[in-house]
Amino acid sequence: MTTHVEPLVGGPSLPQQRKIVTEVPGPRSREILARKTSAVARGVGISLPVFTDVAGGGVLVDVDGNSFIDLGTGIAVTGVGNAAPRVVEAVQRQVERFTHTCFMITGYDSYVDVAEALNRLTPGDHEKRSALFNTGAEAVENAVKIARSYTGRQAVIAFEHAYHGRTNLTMALTAKAMPYKSGFGPFAPEIYRAPLSYPYRDGLSGPEAAKRAIAMIEKQVGAASTAAILIEPIQGEGGFIVPAPGFLEALVDWARENGVVFIADEVQTGFARTGAMFASEHEGIVPDLVVTAKGIAGGLPLAGVTGRAEMMDAPHVGGLGGTYGGNPLACAAALAAIETYEVDDLAGRARDIEMLMKTRLTALQAGDPRIGDVRGRGAMIAIELVDPATGDPDPALTGRVAAASHAAGVIILTCGTYGNVIRFLPPLSIDDALLHEGLDVVAHALEES
Ligand code: PLZ
C-alpha cells in the first residue's frame with residue numbers, strides 16, 4: 001500500500017530547521033546533476049549542486065529532504081523570505097487575471113503603482129520618474145542610456161572591483177575577468193575604471209580616496225566628456241566593500257559641479273538589505289539615478305531605474321522599453337514585497353541582524369587572525385580571509401570553509417576580486433536561533449579548515 005504524502009508547501013510555515021539526511025548532494029540531486037551536465041551549457045555553473053524542492057523563512061529543502069539554513073537568498077533576492085505569503089497571494093491573484101499585455105502596448109496600473117513606490121522610496125524628495133526592466137544588468141544599461149541621452153556625453157566611469165552584470169555593456173562595466181569577461185570581448189567602448197575606496201586594503205580616508213579617483217577622471221577622461229559615474233554604494237560581488245566615510249559624498253559633489261550624472265547601482269544593496277531602504281542613505285547621498293532589482297519583487301524578475309524627472313524624461317518617446325519590462329506578475333510581486341518591507345519594518349530587522357552577526361564574527365576574529373576584516377551593513381555582512389603573516393588573500397581557505405558549511409547544511413556564498421570573502425545574505429525573515437546556528441556551523445567549518 002502506498003501512503004499518500006502531502007507535498008510540502010514553501011514559505012514561513014516550513015519547519016525552520018537544519019537537517020541533513022543524506023550526503024550532500026544526495027542521490028536525487030546527483031541524478032538531476034547528471035542530467036544537468038548533459039542538458040545545460042556548462043558555462044552555467046552551480047556553486048552548491050543540490051536541487052530545490054521548497055523554501056521559506058530561513059530554510060531551503062532539497063529534493064533529498066535535506067533542510068539547509070539559507071544565508072544566501074539566491075544572491076540577495078528573497079529578502080522578504082522565499083515564497084513569502086504576501087508575494088504568493090499577490091502573484092496567484094494576478095496570474096488568474098492576465099499574465100502579460102506588454103506595457104508598451106496596453107498598460108496596467110500595477111506598473112504605475114511600482115513606479116510611484118520607487119519614486120517615493122528612493123533617496124531625495126525631488127520630482128522623479130521610473131522605468132521598469134527585467135534584470136539588474138538590463139536596468140544598468142538603461143541607466144547609462146538615460147545618462148548619455150541627458151548629457152549628450154559618452155564616457156562612463158566605473159570602479160575597481162565593480163560588478164554590474166553579464167551583458168556586453170555591463171561586462172565592460174564589471175571589473176573582474178574570471179569568470180565574467182574572459183573570452184567574451186570585445187567590450188563596449190567609453191568605459192573608464194577609477195580607483196575605489198577599500199579601507200581594509202588602502203588605508204585612505206574617504207576624501208583622500210575620492211581625490212585620487214577624481215584626479216584620474218579629470219586627467220584621463222575629462223569632466224566634459226563624462227556622462228556618468230556609476231557605483232555600488234557597497235560593492236557586492238567585488239567583496240562587500242564599504243567605502244570610507246565621505247568617499248561617495250565627494251564623488252556626488254564633483255558630479256554635480258561638473259554636470260555628470262551620478263548613478264547608484266543598488267541592485268544588491270537595495271530594499272532594506274543594509275538596514276535602510278537604500279544603502280545610499282547611510283552615506284547621506286542623493287544619487288541622480290538609482291538602479292534596483294533583486295530584492296524588489298521577492299524572487300520574480302523585475303528591475304527599475306528611478307531618478308530625477310528631467311534626466312529620466314530625456315530619452316525620446318519609445319526610446320526605453322522591452323517586451324517584458326514591468327511584467328504584471330512581477331509588478332504584483334513587487335507591490336507585495338514592498339508592503340512587506342515597510343509594514344514589517346525589515347530595515348529594522350536588518351539592523352538587528354547586523355548587530356547579531358557582527359558581534360559573533362568580531363568575537364571569532366579575535367581568536368582567528370585569518371579573519372582579516374569583518375565588514376558590511378545590515379544583513380549584508382562579510383569576512384575577508386587572509387594569510388595572517390602577509391595579509392595576502394586566502395581563496396583556498398575560503399573555498400574550504402564554504403564547502404564544509406554546505407556539507408553541514410548551511411548555504412553561504414563567496415565573493416571578492418580575490419575570491420577570499422565569505423558573504424552572508426540571510427533573508428530578513430530568518431529567526432535569531434537559526435541565524436546563530438548557521439554561524440555556529442561556519443565557525444566550526446573555519447576551525448576545521
Ligand atoms: N549590479 C550590484 O549585484 C547581480 C550576479 C551573479 P542581474 N549580482 C549577482 C552572477 O554571477 O551572475 C548584480 C549586482 C549589481 C547588477 C547586477 C546584475 O543583476 O539581475 O544578475 O542582471
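**Close-up views of a two-domain predicted model**

**View 1. Polar contacts and salt bridges between the domains.** Across the interface of domain 1 and domain 2 there are 19 residue pairs in polar contact, both residues being at pLDDT 80 or more; a polar contact is a pair of N or O atoms within 3.5 Å, where within protein one must be able to donate a hydrogen and the other to accept it, and residues adjacent in sequence count only if both atoms are side-chain atoms. The model is predicted, so local features need pLDDT of at least 70 and side-chain atom pairs count only at pLDDT 80 or more, whereas totals for chains, interfaces and linings use all residues. Residues are numbered from 1 along each chain as its sequence is written, and side-chain values use heavy atoms, with hydrogens and water left out. The interface also holds three salt bridges (a side-chain nitrogen of Lys or Arg within 4 Å of a carboxyl oxygen of Asp or Glu).

**View 2. The salt bridge of Arg 201 and Glu 384.** In the pair formed by Arg 201 and Glu 384, the closest N and O atoms are 2.7 Å apart.

**View 3. The two domains and the area between them.** Domain 1 comprises 11–83 + 346–448, while domain 2 comprises 86–343, with bounds that come from an automatic or database domain assignment. About 2900 Å² is buried between domain 1 and domain 2, and carbon and sulfur atoms give 59% of this area, which is the accessible area (1.4 Å probe) that two parts lose on being put together, summed over both. In domain 1, Val 80, Arg 377 and Met 380 lose the most area to domain 2, together 26% of what that side buries.
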